[in-house]
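Open the model in your viewer and keep the selection panel at hand. The stops below can be followed in order.

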Amino acid sequence: MDHDKFLEYVQAENKVEPKDVMPEDYRKLLVRQISQHAHSEIVGMLPEANWISRAPSLRRKMALLAKIQDEAGHGLYLYSASETLNNGENGADRDSTYQAMLEGKAKYSSIFNYAALSWADIGAIGWLVDGAAIMNQVMLMGNSYGPYSRAMVKICKEESFHQRQGYEILMTLCRGTKEQKDMAQDALNRFWWPALMMFGPNDADSPNSKKSMDYRVKRESNDDLRQRFIDVTVSQAEFLGLKMPDENLVWNEERQHYDFGDLPWDEFMEVLKGNGPCNKKRLKTKIDAQKEHSWVKEAAIAFAEKQEELVNA
Ligand code: 3HC
């Protein structure tokens, strides 16, 4: 494998496909990122699931059910993409990557370790969390690995519905009673900084960024995407009549961007270490679900094997 030739190939905007020869560190970087992306989709269903039975109307319940179903599909899509990188001993098969998450050896997005305490949180999750995810995933549509970039096209289309239904929930609350508007403000206050952390550490503290950029996986930096997210989101909050929970947020005419306060990086590191508000609860839910529903997988495998026997009989 001529490493310089491979770099030249991806830097000329060519796509790498599963059967292509690729450097091991490229494969490893992709397995890490794509499997963790998939874990984020799957664990991301949990905070919202709590509100399906509490949705204030049938219409809201249907939209929330559709969104959660989409997230499951995104997870399956992304596990399939990461499995295309399985070379038999790198643990990129679905069982191994999923087990790594259950054992706390692989990450999922920190944002899902925060509780959804009110119905307004469901609006804030759609508006801010899916809004930040869109910002990141639109960038990933241009990544060099074929299956991952193609997965992003479908996922981004569905994410825009997620973001809009969340924003509409908050718009309804902000046009409602004082209590409802206060609920929306409280949700923004609690989800704003964790949503900014979704973009990852500052570029200077990002150990994976350089290699990811060289390999044309990450196409824009953590800080650039975070800045763009802030720049587009502030006016959306103003339209809702909500106050941004950052007293250092101010438009910088010279930079043509918002200046903003320091993120709570200590909190970020604690959440990544597993000490966030819901880390233990999230993993316990997934571990219990795997145990309780293992019969479904066993039955599906038995059925597939039977089908195989019939076809080959
Ligand atoms: N939560 C958890 N871990 C995070 C994180 C976050 N918000 N931000 C960074 N990290 C981790 C990284 O995974 C890395 O750890 P690792 O080496 O053990 O994997 C470490 O912190 C250092 O960060 P880097 O910036 O060096 O890592 P990356 O170059 O991988 O950049 C990333 C981080 C921007 C999250 C990148 O991995 C990425 O773009 N991932 C794909 C998109 C994704 O996973 N989005 C998560 C949300 S998906 C979602 O919200 C679903 C939607 O439907 C709601």
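The tour goes through the ligand site, a pocket, a cavity and a few single residues of this predicted model.

**Stop 1: the ligand and its shell**

Select the ligand and the residues within 4 Å of it. The shell holds 30 residues, and those that come nearest are Glu-71, Lys-107, Glu-159, Ser-206 and Lys-218. By class, the shell has twelve nonpolar residues, eleven polar ones and seven charged ones.

Colour the shell by secondary structure next. Which elements give two or more residues to it? They are helix 2 (24-43), helix 6 (119-140), helix 7 (146-174) and helix 11 (265-272). Helix 2 provides the largest share, with six residues.

**Stop 2: polar atoms at the ligand**

Now show distances from the oxygen atoms of the ligand. Start with Asn-222, where an N or O atom of the side chain is 2.9 Å from a ligand oxygen. At Pro-207, select the backbone: a polar atom there lies 3.3 Å from an oxygen atom of the ligand. At Gln-33, go back to the side chain, which places a polar atom 3.4 Å from a ligand oxygen.

With the distances still on screen, add a surface. The ligand exposes 990 Å² when taken alone, and the protein buries 90% of that area.

**Stop 3: the second largest pocket**

Hide the ligand and select Ile-42, Leu-76, Tyr-98, Gln-290 and Lys-297. These residues lie nearest the centre of the second largest pocket, which has 20 lining residues. The space in this pocket comes to about 670 Å³.

Extend the selection to the helices of the lining. At least two lining residues come from each of helix 3 (45-49), helix 4 (58-83), helix 5 (94-102), helix 12 (279-292) and helix 13 (294-312). Which of them gives the largest share? Helix 13 does, with five residues. The lining divides into ten nonpolar, five polar and five charged residues.

**Stop 4: the cavity**

How many cavities of 30 Å³ or more does a search of the whole structure find? The search finds one, and the space in it is about 40 Å³. To see its walls, select Gly-44, Pro-47, Ile-111, Phe-112, Tyr-114, Ile-125, Val-129 and Phe-191. Seven of these lining residues count as nonpolar and one as polar, with no charged residue in the set.

**Stop 5: Asp-130**

Move to helix 6 and select Asp-130. Is this residue buried or exposed? Asp-130 counts as buried because its relative accessible area is 3%, under the 20% cut-off. Add His-162 to the selection: the side chains of Asp-130 and His-162 make a polar contact at 3.2 Å.

**Stop 6: two residues with positive phi**

Open a Ramachandran plot if your viewer has one. Most residues other than glycine have a negative phi. Two exceptions are worth selecting.

- Glu-13 has a phi of about 65° and is not a glycine. Glu-13 sits in the loop between helix 1 (3-11) and helix 2, and its relative accessible area of 49% makes it partly exposed.
- Arg-216 is likewise not a glycine, and its phi is positive, near 60°. Look for Arg-216 in the loop between helix 9 (209-214) and helix 10 (222-240). Arg-216 is partly exposed, at 22% relative accessibility.

**Stop 7: two distances along the chain**

Select His-74 in helix 4. His-74 has a relative accessible area of 0%, so it counts as buried. Draw a line from its C-alpha atom to that of Asp-2: the separation is 34 Å, for residues 72 apart along the chain.

Finish at Trp-251, in strand 1 (residues 250-252). Trp-251 is partly exposed, with a relative accessible area of 36%. Draw a second line, from Trp-251 to Ser-221. These two residues are 30 apart in sequence, and their C-alpha atoms are 21 Å apart in space.

Note on methods:
Residues are numbered from 1 along each chain as its sequence is written. This is a predicted model: local features need pLDDT of at least 70, side-chain atom pairs count only at pLDDT 80 or more; totals for chains, interfaces and linings use all residues. Side-chain values use heavy atoms; hydrogens and water are left out. A polar contact is a pair of N or O atoms within 3.5 Å; within protein, one must be able to donate a hydrogen and the other to accept it, and residues adjacent in sequence count only if both atoms are side-chain atoms. Accessible areas come from the Shrake-Rupley method with a 1.4 Å probe; for residues, only the protein chains shown count as cover. Helices (H or I, at least four residues) and strands (E, at least two) are DSSP runs, numbered from the N terminus. Ala, Val, Leu, Ile, Met, Phe, Trp, Tyr, Cys and Pro count as nonpolar, Asp, Glu, Lys and Arg as charged, and the others, Gly among them, as polar. On a 1 Å grid over the protein atoms alone, a cavity is a set of points where a 1.4 Å probe fits but cannot get out, and a pocket is an open set with protein on both sides within 12 Å along at least five of seven lines; lining residues have an atom within 4 Å of a point. Grid points are joined across faces, edges and corners, and a volume is the space filled by probe spheres set on the points. Buried means under 20% relative accessible area, exposed over 50%, partly exposed in between (1.4 Å probe, protein chains only).
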